[in-house]
Amino acid sequence: MSDSTVRAGDAPAAFFDPVGNGNLPPMPYRDMPEPLPLGKVLGPSVILAGLGVGSGEYIIWPYMATTVGLGFLWAAVLSVTVQYFLNMEIERYTLATGETAVAGFVRFWKPWGVLFCLFTILPNMWPGWGTSGVTIFSFLIGGGNVPLMTCGLLVAAGIALTVSPVVYQTLERAQFFKVGLTLVFLAVAIVMAIGPSAWAELPAMVTQFGRLPDTDILPVSLVLSGLVFAGAGGVNNLAQSNWIRDKGFGMGAYVPRIVSPITGEEVAAPATGSMLHQNPENLRRFQGWWAVANKEQLVSFWFICIFSITIFSTLAYATLHGQPITEGANLGFILAEGRALKTAIAPWFGTFFWVFGALSLMLVSLGVLDYVSRIVADVIKTVYLTDSQRWSESRIYFIVVWATVAAGSIILLSGVNQPLLLLVIAACLNGMVMFVYSILLIQLNRRGLPPALRVRGVRLGMLVFATLFYGYFAGWLVIVQVRSYLTGG
């Protein structure tokens with residue numbers, strides 16, 4: 001039954017099925033668990049922020065700041081804010097059902113399962129994060145074979161995820177460490193490395209709002225990359241469904257967690273969800289979960305991402321603006337910034353800058369490997385192998401982990417190993433995916449939920465804006481690339 005609202009005198013419904021086309025089984029009704037306080041649910045958005053503080057915050061936005069100044073940072077603030085609303089609408093469906101947003105898309109049209117597997121794998125099999133981290137590490141040790149070392153990093157990340165008793169807990173601890181290190185570095189940078197003249201340029205974020213940089217200076221592919229990777233970006237945002245479910249948010253408490261096939265107990269049950277009973281007590285609990293989830297996302301994701309983009313970009317502007325920069329795919333401007341910081345501040349601070357960058361991007365590589373495997377495994381198990389007792393979500397997850405490690409290694413060893421090129425490829429493809437799922441979230445959270453839980457008002461307006469925002473830049477990129485191809489440029 002598509003309308004699950006229980007009226008006075010009606011018998012309670014046994015199942016909730018928003019579409020009724022048989023793509024996935026109907027959801028049984030259950031009681032929503034009592035919401036937990038903020039201190040006990042911190043984690044999923046910290047992971048998202050940890051993955052976000054990487055290519056966009058440390059590399060792409062600082063590079064753009066050194067090139068065109070700090071005025072374009074308005075777009076970073078806007079993109080992180082848009083992603084905050086996207087993330088919460090991804091969380092809305094999972095809080096209410098325990099299912100991922102992608103499973104919700106499949107309820108409307110089954111081929112979305114295959115398509116989102118492709119949308120997840122194709123943009124993220126390019127190992128730009130690992131290559132970038134290893135390249136920065138090579139600055140510390142005076143060189144090295146970056147492609148081979150990156151292959152070793154991918155294998156090490158695969159082993160770390162494989163031997164973790166509960167994978168989510170391993171990932172959460174790694175990203176908590178990274179976010180803590182980020183805040184320490186930024187605090188030192190604020191005190192020691194950013195002068196008054198750089199701070200004085202920050203109001204340009206407001207006065208230049210809406211102004212886009214000249215594409216002869218910053219290509220549209222780099223602009224789109226910055227907008228996507230301001231925050232998390234791409235299918236990374238969709239992984240919020242999986243992470244809050246593993247953390248036990250809302251109806252996710254009823255879904256098995258991914259565990260290691262080596263050290264943990266596997267559960268082969270499908271990850272289809274259940275709908276909360278539509279009564280005042282359960283609706284009160286949902287609103288409690290909704291409130292705490294919004295706070296967790298605002299504090300852990302929105303603030304940390306905007307703060308880190310602003311400070312890293314201001315640091316780069318203070319250090320390198322007006323100086324010739326080696327753009328190159330070998331991250332020459334990161335090398336130049338570290339050397340400049342050694343000269344202007346202290347040798348240890350320039351080294352700290354590189355150490356942070358190397359660790360940060362290596363941990364992003366770990367997180368990307370996790371969320372790619374997590375999303376694909378959930379789709380395959382939920383949609384295509386629901387009744388299999390052999391193929392649990394955990395087992396599929398680890399097969400995808402090692403397949404992704406192999407694909408990334410093949411790409412690197414084939415000669416496609418330039419960090420910035422790999423990151424731009426990943427970002428542009430992810431930007432197009434964001435355009436698609438912004439539209440689908442409107443359908444999911446309007447037609448896929450009971451009336452009391454549906455998106456409306458300002459949040460619905462933000463989903464429409466997200467569709468237009470990412471659609472505009474993705475379309476602009478396509479037009480530029482087609483025009484370049486036709487003119488032979």
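**Sheet pairing, a helix crossing and the cysteines**

Three strands form an open sheet of mixed pairing, in which the strand order is 1-2-3. Strand 1 (15–16) and strand 3 (275–276) occupy the edges, and because each has a single partner strand, one side of each is left without a neighbour in the sheet. The structure described here is a predicted model, and the values reported below were computed from it.

The mixed character of the sheet can be followed through its two pairings. Strand 1 and strand 2 are joined in the antiparallel sense, over two bridges, and here phenylalanine 15 has proline 28, in strand 2, as its bridge partner. On the other hand, strand 2 (residues 27–30) runs parallel to strand 3, to which two bridges join it. In this parallel pairing, tyrosine 29 is bridged to methionine 275 of strand 3, while arginine 30 has leucine 276, also in strand 3, as its bridge partner.

A helix pair was examined next. Two packed helices are described by the angle between their axes and the distance between the axes. For helix 9 (residues 167–192) and helix 16 (residues 347–384), the axes come within 10 Å and cross at roughly 150 degrees. Angles over 145 degrees count as roughly antiparallel, and helix 9 is therefore roughly antiparallel to helix 16. The crossing of helix 9 and helix 16 is left-handed, and the residues of the contact between helix 9 and helix 16 comprise 20 nonpolar, four polar and three charged residues.

The cysteines were considered last. A disulfide is a covalent bond between the sulfur atoms of two cysteines, and a search of the whole structure finds zero disulfides. For cysteine 305, the closest cysteine sulfur is that of cysteine 428, and because 19 Å separates the two sulfurs, they are too far apart for a bond; the cut-off applied to a pair of cysteine sulfur atoms is 2.5 Å. Cysteine 428, correspondingly, is in no disulfide, its nearest cysteine sulfur being that of cysteine 305, 19 Å away. With regard to solvent accessibility, cysteine 305 is buried, at a relative accessible area of 0%, and cysteine 428 also counts as buried, with a relative accessibility of 10%, since the limit for a buried residue is under 20% relative accessible area.

Technical notes: Residues numbered from 1 in each chain as written. Predicted model: local features only at pLDDT ≥ 70, side-chain atom pairs only at ≥ 80, totals over all residues. Heavy atoms only, no water. Axes fitted to C-alpha atoms, helices over the stretch in contact; angles between N-to-C directions. Helix = DSSP H or I, 4+ residues; strand = E, 2+ residues; numbered from the N terminus. Parallel < 35°, antiparallel > 145°, perpendicular 65-115°, else oblique. Left-handed = near helix turned anticlockwise from the far one by under 90°. Nonpolar A, V, L, I, M, F, W, Y, C, P; charged D, E, K, R; others polar. Buried < 20%, exposed > 50% of the residue type's maximum accessible area, 1.4 Å probe, protein only. Pairing = 2+ DSSP bridges.
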